[in-house]
Amino acid sequence: MRKSTMLSLLFVAVSAVVPGCSCVARDAETYKNDTRSLLETRNKAIKDCYDVALTTDPKTDGEVVVNFTVEKKTGKIISVEADKARTKAPDSLSKCIVDAIDGLILDPVDQRDGQATFSWKFRANEPKPAEEEAPAPTS
């Protein structure tokens, strides 16, 4: 009799914990795609970062490479840092992008931490050459 009571208690404890966890176990490709989709929600903020950089230098271009962790059980993007060795853009642009994505939350959360590297490439529009007027015909 005692044995069945312990099993019943164990079942109750497990059933109380399991429904509260909406964790998934993504494969690598799904994790990458879901994280990319999450980052894309900040496209406007990242474009704004670049627009501000262009006001300082209209020829601003380059690549910003960012490393971060997607924390297991919370889905929160943490430890966001620009990869200084691979980033070829102004520090102010890198910092703005880091700030734009820091703290985003991947939902549903995953059972594992995710280590990620994403990059954004920026290229300033080349100024259009001045149009030359055709010389007037002479007679």
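**Exercise 1. Decide whether Cys96 is buried, partly exposed or exposed, and find its bonding partner.**

Solution. In this predicted model, Cys96 has a relative accessible area of 30%. Buried requires a value under 20% and exposed one over 50%, so Cys96 counts as partly exposed. The next step is to look for a partner, and a disulfide joins Cys96 to Cys49, with the two sulfur atoms 2.0 Å apart. The count of disulfides comes to 1. Cys49 lies in helix α3 and Cys96 in helix α4, so the bond ties together parts that are 47 residues apart in sequence. Turning to the partner, Cys49 has a relative accessibility of 4% and therefore counts as buried. Finally, the angle about the S-S bond is -75°, and the link of Cys49 and Cys96 is left-handed.

**Exercise 2. Work out which residues of helix α4 are buried and where they lie around its axis.**

Solution. Helix α4 runs over residues 91-101, and its buried residues are Leu93, Ser94, Ile97, Val98, Ala100 and Ile101. These buried residues cover an arc of only 160° around the axis, which puts them on the same side of α4. A general rule helps in reading such a list: an α-helix has 3.6 residues a turn, so residues three or four places apart point the same way. On the other side of α4, the residues Asp91, Ser92 and Lys95 are exposed. The next step is to ask what covers the buried side, and the cover includes the helices α2 (28-40) and α3 (43-56) together with the strands β1 (62-70), β2 (77-82) and β3 (114-122). For one residue in detail, Ile97 is in contact with Ile46, Cys49, Val64, Val66, Trp120 and Phe122, once its neighbours within four places in sequence are left aside. After the helix comes Gly103, whose phi is positive, near 90°.

**Exercise 3. Compare the end-to-end distance of helix α2 with its expected span, then describe its buried face.**

Solution. Helix α2 has 13 residues, which at 1.5 Å a residue should span 18 Å, and because its end C-alpha atoms are 18 Å apart, the two values agree. The buried residues of α2 are Tyr31, Thr35, Leu38 and Leu39. Seen down the axis of α2, these residues fall within an arc of 95°, so they line one face of the helix. Among them, Thr35 counts as buried because its relative accessibility is 2%. Leaving out residues up to four places away in sequence, Thr35 touches Phe68, Val70, Leu106 and Phe118. The elements covering the buried residues of α2 include α3, β1, β2, α4 and β3. At the N-terminal end, α2 is capped by Asp27, which has a side-chain oxygen 3.2 Å from the backbone nitrogen of Glu29.

**Exercise 4. Identify the element that gives the largest share of the largest nonpolar core, and set this core within the whole chain.**

Solution. The largest nonpolar core has 26 residues, and Val66, Phe68, Leu93, Ile97, Ile101 and Trp120 touch the most other members. Two or more residues of this core come from each of α2, α3, β1, β2, α4 and β3. The largest share, 5 residues, comes from α4. For the whole chain, the secondary structure comes to 4 helices and 3 strands, which follow the pattern α-α-α-β-β-α-β along the sequence. Of the 139 residues in the chain, 28% are buried. Among contacts with a separation of 6 or more, 78% join residues 24 or more positions apart.

Definitions and conventions:
Residues are numbered from 1 along each chain as its sequence is written. This is a predicted model: local features need pLDDT of at least 70, side-chain atom pairs count only at pLDDT 80 or more; totals for chains, interfaces and linings use all residues. Side-chain values use heavy atoms; hydrogens and water are left out. Buried means under 20% relative accessible area, exposed over 50%, partly exposed in between (1.4 Å probe, protein chains only). The arc is that of the directions from the helix axis to the C-beta atoms. Contact means heavy atoms within 4.5 Å. A disulfide is a pair of cysteine sulfur atoms within 2.5 Å. The expected span of a helix is 1.5 Å times one less than its number of residues. A polar contact is a pair of N or O atoms within 3.5 Å; within protein, one must be able to donate a hydrogen and the other to accept it, and residues adjacent in sequence count only if both atoms are side-chain atoms. A nonpolar core is a set of buried Ala, Val, Leu, Ile, Met, Phe, Trp, Tyr and Cys residues joined through side-chain atoms within 4.5 Å.
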